[in-house]
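This report describes the overall build of one protein, moving from its general make-up to its core and then to one of its sheets.

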Amino acid sequence: MKSKFVLGLAVGLLLTVGGATAHAANQLSNPGFENGVSDWNDLFGSPSQLSTTIFRSGAMSATKAVGPVASQDYWSQVYQEEAVAGGNPVYAAAYIKTTFHPAATAKGGLMAQFYNASGKLVGTTVTAPDVGGNTNWRRVEISTIAPAGAVKVRLSGFIWAAQGDTQSQSGAVFFDDLFLDRVTRA
């Protein structure tokens with residue numbers, strides 16, 4: 001009888017802990033771009049555009065195309081920043097779709113960067129696996145711990161292409177359903 005009680009208690013604890021993580025709240029504003037690119041910022045490269053024809057859910061996604069590559073690699077990102085505390089977990093996810101030629105170097109991805117109270121980058125930049133070529137919606141994830149001294153995380157969807165790669169200029173990367181929370185996920 002005692003072993004059944006202990007087993008039941010253990011299962012109950014697992015369900016309680018698992019349930020708390022499974023129902024985590026998204027800390028991002030406008031994660032599906034349904035309100036345009038409000039709440040989002042652009043850094044480098046061309047500004048983000050909205051797509052009303054290619055999206056994973058809702059009626060819109062954010063998209064970025066490769067700009068000039070003649071004199072240097074191309075880099076651009078769309079991001080939001082949220083408060084975090086050093087030593088605490090951070091989980092992020094996004095759905096990314098790319099429409100590049102299979103031989104193009106262009107890639108889209110998800111990146112987390114941590115900053116201290118002085119606005120300086122701390123720790124290492126964490127990225128999810130890049131998405132390239134002509135790839136349908138793919139979920140990418142980041143699960144990490146904020147480095148010591150961090151007070152905010154910048155979560156970015158990014159696009160990159162190699163210098164001189166004109167094939168990359170004929171496609172785009174699309175971002176939808178981004179997610180950020182201060183929890184641990186497997």
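A residue is called buried when its relative accessible area is under 20%, calculated with a 1.4 Å probe on protein chains only. By that criterion, 43% of the 186 residues of this protein, which is a predicted model, count as buried. The accessible surface comes to about 9,400 Å², and carbon and sulfur atoms account for 57% of that area.

The protein contains 1 helix and 11 strands, and along the sequence the helix is followed by the strands, in the pattern α-β-β-β-β-β-β-β-β-β-β-β. Among contacts between residues at least 6 apart in sequence, 79% join residues that lie at least 24 apart.

The largest nonpolar core is made up of 35 residues, and V66, L110, F114 and L178 are those with the most contacts inside it. The elements that give two or more residues to this core are listed below.

| Strand | Residues |
|---|---|
| β4 | 74-83 |
| β5 | 89-99 |
| β6 | 107-115 |
| β7 | 121-127 |
| β9 | 134-145 |
| β10 | 152-161 |
| β11 | 172-181 |

Strands of a sheet pair through backbone hydrogen bonds, in either a parallel or an antiparallel sense. Here, an open sheet of 5 strands has the order β2-β3-β11-β5-β9, and its pairing is antiparallel. The edge strands, β2 (49-51) and β9, each pair on one side only, and neighbouring strands of the sheet are turned against each other by 35° on average, with direction ignored. Within this sheet, β3 (residues 61-65) pairs with β11 in the antiparallel sense over 4 bridges, and K64 stands opposite V173 in β11.

Terms used:
Residues are numbered from 1 along each chain as its sequence is written. This is a predicted model: local features need pLDDT of at least 70, side-chain atom pairs count only at pLDDT 80 or more; totals for chains, interfaces and linings use all residues. Side-chain values use heavy atoms; hydrogens and water are left out. Buried means under 20% relative accessible area, exposed over 50%, partly exposed in between (1.4 Å probe, protein chains only). Contact means heavy atoms within 4.5 Å. Accessible areas come from the Shrake-Rupley method with a 1.4 Å probe; for residues, only the protein chains shown count as cover. A nonpolar core is a set of buried Ala, Val, Leu, Ile, Met, Phe, Trp, Tyr and Cys residues joined through side-chain atoms within 4.5 Å. Two strands pair if DSSP finds at least two bridges between them. Axes are lines fitted to C-alpha atoms, for helices over the stretch in contact, and angles run from 0 to 180 degrees between N-to-C directions.
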